[in-house]
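Dear colleague,

Please find the structure enclosed below. I would be grateful if you would look through it before reading my notes.

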Amino acid sequence: LYALNKQITKALLSGRTVVLEGVGRLYVGIKAKCFPQEVIGHEEFSPSAMIKGVHINFRPDAEILRELRSRKSFRRISSEWMA
């Protein structure tokens, strides 16, 4: 898992989408401040200064979503792993 974490981090930092086959996709998203269109041409304009936050998006695999949506009820299970 440590090695996987390193590879996912490296890919996300380089702007790539990480596809985990059968699980889903991870990709970076940003929140940015709104600014008027005419500001873009000014030399003091810096797009990176407009970034308010960075987050990681996860999009589950379509098969997982189909499986979850097809179930009519769920039940909670307990496990020593879920302490």
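The notes below describe the helix, the sheet and the core.

This is a predicted model, in which local features need pLDDT of at least 70 and side-chain atom pairs count only at pLDDT 80 or more, while totals for chains, interfaces and linings use all residues. Residues are numbered from 1 along each chain as its sequence is written, and side-chain values use heavy atoms, with hydrogens and water left out.

Helices (H or I, at least four residues) and strands (E, at least two) are DSSP runs numbered from the N terminus. In helix α1, Ile8, Ala11 and Leu12 are buried (under 20% relative accessible area, with a 1.4 Å probe and protein chains only). Seen down the axis of α1, the buried residues fall within an arc of 95° (taken from the directions from the helix axis to the C-beta atoms), so they line one face of the helix. The face turned away from them carries Tyr2, Ala3, Lys10 and Leu13, which are exposed (over 50%).

Three strands form an open sheet in the order β1-β2-β3, with antiparallel pairing (at least two DSSP bridges between two strands). β1 (18-20) and β3 (51-60) are at the edges with a single partner strand each, so one side of each has no neighbour in the sheet.

The largest nonpolar core (buried Ala, Val, Leu, Ile, Met, Phe, Trp, Tyr and Cys residues joined through side-chain atoms within 4.5 Å) consists of five residues: Ile8, Ala11, Leu12, Val18 and Leu26. Helix α1 (residues 2-13) supplies the largest share of this core, three residues.

Yours sincerely
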